[in-house]
2 protein chains.
Amino acid sequence: MGKLLRINMTNNTVTFEELPEKYRLLGGRALTSSVVADEVPPLCHPLGPNNKLVVAPGLLAGSIAPSSGRISVGGKSPLTGGIKESNAGGLPGQKLGKLGIRAVVVEGKPEKNKAYILKIDAAGAELIPADDFKNKGMYETNELLWERFGKVGILGIGPAGEMGLLNAGISCNDMENGPGRYAGRGGLGAVMGSKGLKAIVVDDTDAPGFKVANKELFDKGRKALADALKNHAVTGEALPTFGTAVLINIMNEAGGLPTRNFREGRFEGASKISGETINEWSKTRGGKVGHPCHPGCVIRCSNVVAHPDGSPHVAPLEYESDWALGANCGIDDLDKIAELNRICNDAGIDTIEAGCTLAVAMEGGLADFGDGDRAIELLNEVAMGSPLGRILGNGTEFTAKAFGVSRVPVVKGQSMPAYEPRAVKGIGVTYATSTMGADHTAGYTIAPEILAVGGELDPLDAAGKGDLARAFQATTMFIDSTGYCLFIAFAILDIPEGFQGMVDTMNAVLGTEWTADDVYAQGLEWLKRERMFNEAAGFTKEDDRIPEFMLEEKLPPHNTTWDVSEAVLDSVHDYSDTGDEGDEVAG
Amino acid sequence: MGKLLRINMTNNTVTFEELPEKYRLLGGRALTSSVVADEVPPLCHPLGPNNKLVVAPGLLAGSIAPSSGRISVGGKSPLTGGIKESNAGGLPGQKLGKLGIRAVVVEGKPEKNKAYILKIDAAGAELIPADDFKNKGMYETNELLWERFGKVGILGIGPAGEMGLLNAGISCNDMENGPGRYAGRGGLGAVMGSKGLKAIVVDDTDAPGFKVANKELFDKGRKALADALKNHAVTGEALPTFGTAVLINIMNEAGGLPTRNFREGRFEGASKISGETINEWSKTRGGKVGHPCHPGCVIRCSNVVAHPDGSPHVAPLEYESDWALGANCGIDDLDKIAELNRICNDAGIDTIEAGCTLAVAMEGGLADFGDGDRAIELLNEVAMGSPLGRILGNGTEFTAKAFGVSRVPVVKGQSMPAYEPRAVKGIGVTYATSTMGADHTAGYTIAPEILAVGGELDPLDAAGKGDLARAFQATTMFIDSTGYCLFIAFAILDIPEGFQGMVDTMNAVLGTEWTADDVYAQGLEWLKRERMFNEAAGFTKEDDRIPEFMLEEKLPPHNTTWDVSEAVLDSVHDYSDTGDEGDEVAG
């Protein structure tokens with residue numbers, strides 16, 4: 001059934017346990033959140049000894065199912081104060097899956113000023129003192145670890161995580177480019193830093209490999225899913241050709257591309273930073289598009305962005321980073337944006353939060369909107385650990401408080417991603433009501449609201465967006481637990497055979513007989529565990545709100561305000577009338 | 001019945017309104033909190049246009065009742081996110097009272113980068129552009145305003161308030177020494193700064209004077225209270241002789257003087273910073289003890305601390321400041337402590353929060369405990385507005401997040417004052433459950449737990465401390481509304497005639513027939529308004545908790561942890577079984 005690897009950083013012990021029966025059906029986010037809900041005191045200090053860092057590959061990670069190698073990291077978030085799961089692609093998920101390790105639970109807290117590397121391989125696991133890695137950027141860290149251990153999977157933190165900064169993420173590496181795949185959101189890098197863990201190194205040499213109970217069903221399912229992914233216009237064409245930044249022009253056209261700290265919904269420089277431009281630009285410079293983040297990905301939405309001389313600059317440059325460090329800061333120069341992204345990867349911080357932070361800093365007078373050189377200077381402060389760097393490295397809300405800015409686009413302390421709630425109401429409901437704080441990946445209603453995937457809805461219309469957001473959040477919870485990339489949703493929302501393929505692969509591995517309905521039901525049950533943790537941590541419906549300024553300021557070009565009622569927001573996770581009673585949650 | 005003066009900073013309008021009937025019986029904190037509860041959206045940004053700054057003199061301020069000149073300032077707190085009332089002595093309360101102004105409500109928000117002075121006198125009120133006062137320290141501000149307007153009462157902010165820093169307070173002046181009387185807690189100076197108000201100047205020349213309906217009853221009451229204050233050992237002897245810092249040796253002896261960021265309960269340097277030492281020291285240097293903070297105070301607990309050459313250094317140096325900037329930072333040099341206090345007064349920040357901030361910064365490695373010179377350097381950064389200064393000026397929790405410190409002695413984001421909850425359980429219950437965040441003045445159970453005033457209870461024993469804290473919080477709410485200094489509590493808890501004197505003076509002014517029982521009942525009713533605001537702002541019982549580290553770390557010398565149960569904490573404001581139903585609150 002797989003193992004749970006428990007690391008106690010107070011005592012420096014490493015223990016393999018049988019995965020408890022209650023976790024048998026859980027992987028990825030369902031597992032990290034269940035362990036956090038079961039083992040972490042909701043009121044603990046996020047950087048104290050009682051918080052835990054939980055790493056769990058998705059259930060199918062390490063298998064040959066298409067695009068199934070995601071890994072989840074969980075804990076109590078230093079940024080939001082609530083439960084947090086952040087997931088990433090790259091190598092570590094597949095390698096842990098092949099080693100039969102379902103979760104790594106890191107607990108306790110070491111003596112001050114110690115640093116360790118946790119090495120996991122087929123022979124076991126050990127903690128290796130690593131004070132010589134202190135304060136190293138994530139690029140150098142990755143390189144040194146590859147020199148020492150071969151091309152292993154690495155979960156690591158940069159200086160931001162070591163300093164305990166609230167926007168510190170956890171890097172996952174891919175085979176070619178080192179860091180860049182980030183479990184970035186919510187400050188889990190600071191939790192890892194507080195445990196004295198600089199990196200987790202995963203070597204799957206001689207691993208037993210991924211076990212499938214019902215191979216026939218599994219093969220049928222994975223093929224159906226792979227076909228759907230290849231045949232859908234988004235996963236088969238748009239994403240491989242232009243990468244995720246294909247959304248820049250689409251969102252700009254929709255008037256929902258947040259610009260200059262969420263002052264406007266359209267950016268005059270959008271075409272200069274679009275996926276189409278990145279694609280053209282890569283051809284002239286030797287960059288790459290259609291790049292996979294881990295072996296076996298059939299979507300291959302990623303890219304490598306090159307310097308003018310053709311040498312790699314950063315990989316990948318994704319839509320969210322491109323927007324956050326670009327449009328939201330008024331910056332339309334891709335070289336500057338790529339450099340900002342590289343700085344984030346090296347210091348070990350989330351690009352969405354970093355871009356929103358820079359925009360708030362610009363609003364607070366630290367730079368002019370559009371000044372990429374000054375933005376680079378500012379962001380370089382983070383790894384230096386200067387007082388200014390510590391402010392910026394603590395994220396948007398923190399920076400706003402430091403510089404007296406009251407327009408702060410966050411929910412539960414976490415910055416909004418690249419979709420304006422005033423222009424796309426459903427995603428705003430997800431931002432407001434997600435257990436995670438503002439998070440597009442928690443319930444990506446952009447699919448029907450903007451992309452005409454899984455239906456077609458008016459983004460400006462508030463009607464029905466509560467139910468929509470709930471359905472997406474529950475289904476997403478399920479997908480986040482499978483190891484599948486969330487992007488499979490584009491295909492399976494439109495192609496029922498693909499959806500069934502996803503379910504079949506899970507049933508083939510778990511021995512369950514789940515149907516499509518169970519996807520929603522299971523997702524909702526797991527989601528409730530996250531909600532219960534947050535309630536015990538002191539969250540209320542007042543935390544499920546969009547910031548005040550969006551209720552008052554009209555967003556150009558549609559000149560709309562946030563107008564989804566509080567009653568609708570409160571209905572999203574009100575399970576009192578649905579028969580989905582609280583006692584199910586304890587199950 | 002008095003006037004309400006409404007200032008709109010968006011439109012620059014100044015309007016006198018009749019005080020609404022529903023506020024007829026309310027003054028000070030009861031009035032500021034009622035206006036905030038009625039007019040401020042609980043989820044508004046504290047520094048946005050929808051927050052309001054409410055200033056209300058206590059009901060008897062301006063009368064000749066003894067020690068009755070306190071003034072309350074209220075709003076939504078930038079520091080805690082909840083309702084806030086902070087009160088102070090000094091001149092402005094009495095002068096507003098004599099002018100018949102029951103409340104000043106400042107709302108809206110001006111164009112960026114404007115500064116104004118609000119001048120209030122017998123002829124009316126006006127907003128005077130004051131951009132030339134920007135970034136001036138509070139000492140210079142006070143001096144310039146006195147030069148221009150005569151010896152007026154001044155409510156003002158220093159650079160910290162102008163920058164919107166979370167620990168910015170509002171200075172009140174006394175007749176001789178300018179700033180030093182601070183409505184310091186909870187960041188209301190930042191709210192004032194966000195409104196573009198540098199100062200409120202109150203001139204009571206030709207004021208109509210304080211009106212008393214029943215002069216005979218009033219005189220009887222005030223005399224009974226004055227007798228009690230003179231005859232009680234604390235208010236008649238200890239406080240006038242040694243000032244509030246008389247508590248240093250007492251709390252040290254009790255093992256409850258928080259030392260070096262709440263690591264110990266006893267400070268080896270206590271005798272060097274005690275009230276007794278300040279008294280001796282003043283005699284040799286030309287400082288003063290037994291100094292009143294406003295005319296008509298019979299307690300006169302205040303002091304003026306002098307430089308070695310006899311010139312005034314800071315006035316006053318109170319117990320809380322002496323402790324926060326002294327023992328809690330491991331500093332035992334009164335000259336250094338006085339300088340730190342002066343810096344706080346000039347920058348416009350609260351000394352309790354500032355001292356706890358410095359201690360957390362020391363724990364985070366910015367200075368050694370006990371290094372007064374480095375502490376002075378650090379605190380000087382605040383007024384400069386450097387990134388480090390903005391971190392420190394945002395208080396303890398903020399600084400802890402900047403420097404990765406997880407031992408953070410705050411409740412609801414506000415720093416704990418000079419009494420260790422692990423050594424004095426009742427005050428810990430007040431810290432945890434007060435609407436204000438950690439605040440000794442919200443329910444000063446130190447009286448029976450340490451001083452044998454109003455009974456005698458074992459400070460280390462948790463039993464009965466929930467009921468005790470509720471009783472003190474409700475009664476305190478009443479006193480905070482009268483204009484009387486909270487220190488009258490020492491006398492009236494022990495001397496029934498003094499208590500009746502307080503009630504008589506209120507009845508004489510209001511025409512009520514309140515009894516001693518009504519003091520508790522009214523206080524509780526007003527307190528519920530504050531609780532309801534906080535609930536609507538998203539506060540839950542999880543916010544009524546003592547920080548995790550105090551549950552785990554044993555505090556020397558008693559080696560006790562925080563052991564009051566969550567059930568007891570939750571009982572303090574659980575009115576469901578008491579017949580004090582919620583509908584009373586709306587009254």
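Which residues line the largest cavity? I put this to a predicted model.

**Entry 1: cavities.** I looked up the enclosed spaces and found 2 cavities of 30 Å³ or more. The volume of the largest cavity is about 50 Å³, and that of the second largest cavity is about 30 Å³.

**Entry 2: the largest cavity.** I read its lining as Gly58(B), Arg70(B), Ile71(B), Ser72(B), Asn87(B), Asp480(B), Tyr484(B), Cys485(B) and Leu486(B). Sorted by class, I have 4 nonpolar, 3 polar and 2 charged residues in this lining. I then checked the domains of chain B: domain 1 (3-202) and domain 3 (423-494 + 515-587) both contribute lining residues, so the largest cavity lies between these two domains.

**Entry 3: the second largest cavity.** In chain A, I noted Arg70(A), Asn87(A), Ile479(A), Asp480(A), Gly483(A), Tyr484(A), Cys485(A) and Leu486(A) around the second largest cavity. The class count for this lining is 4 nonpolar, 2 polar and 2 charged.

**Entry 4: relation of the copies.** I next asked what rotation superposes chain A on chain B. The rotation is 180 degrees, with 0.0 Å of shift along its axis and an RMSD of 0.0 Å. I therefore record the two copies as related as by a two-fold rotation axis. Within chain A, Pro387(A) has the C-alpha nearest the axis, at 2.8 Å from it.

**Entry 5: interface.** I compared the interface residues of the chains. Of those in chain A, 100% are also interface residues in chain B, so I conclude that the copies meet through the same surface.

Definitions and conventions. Residues numbered from 1 in each chain as written. Chains lettered and ligands numbered in written order. Predicted model: local features only at pLDDT ≥ 70, side-chain atom pairs only at ≥ 80, totals over all residues. Heavy atoms only, no water. 1 Å grid on protein atoms, 1.4 Å probe; cavity = no way out; pocket = protein on both sides within 12 Å on 5 of 7 lines; lining within 4 Å. Points joined across faces, edges and corners; volume = space filled by probe spheres on them. Nonpolar A, V, L, I, M, F, W, Y, C, P; charged D, E, K, R; others polar. Domains from an automatic or database assignment. Least-squares fit on C-alpha atoms with pLDDT ≥ 70 in both. Contact = heavy atoms within 4.5 Å.
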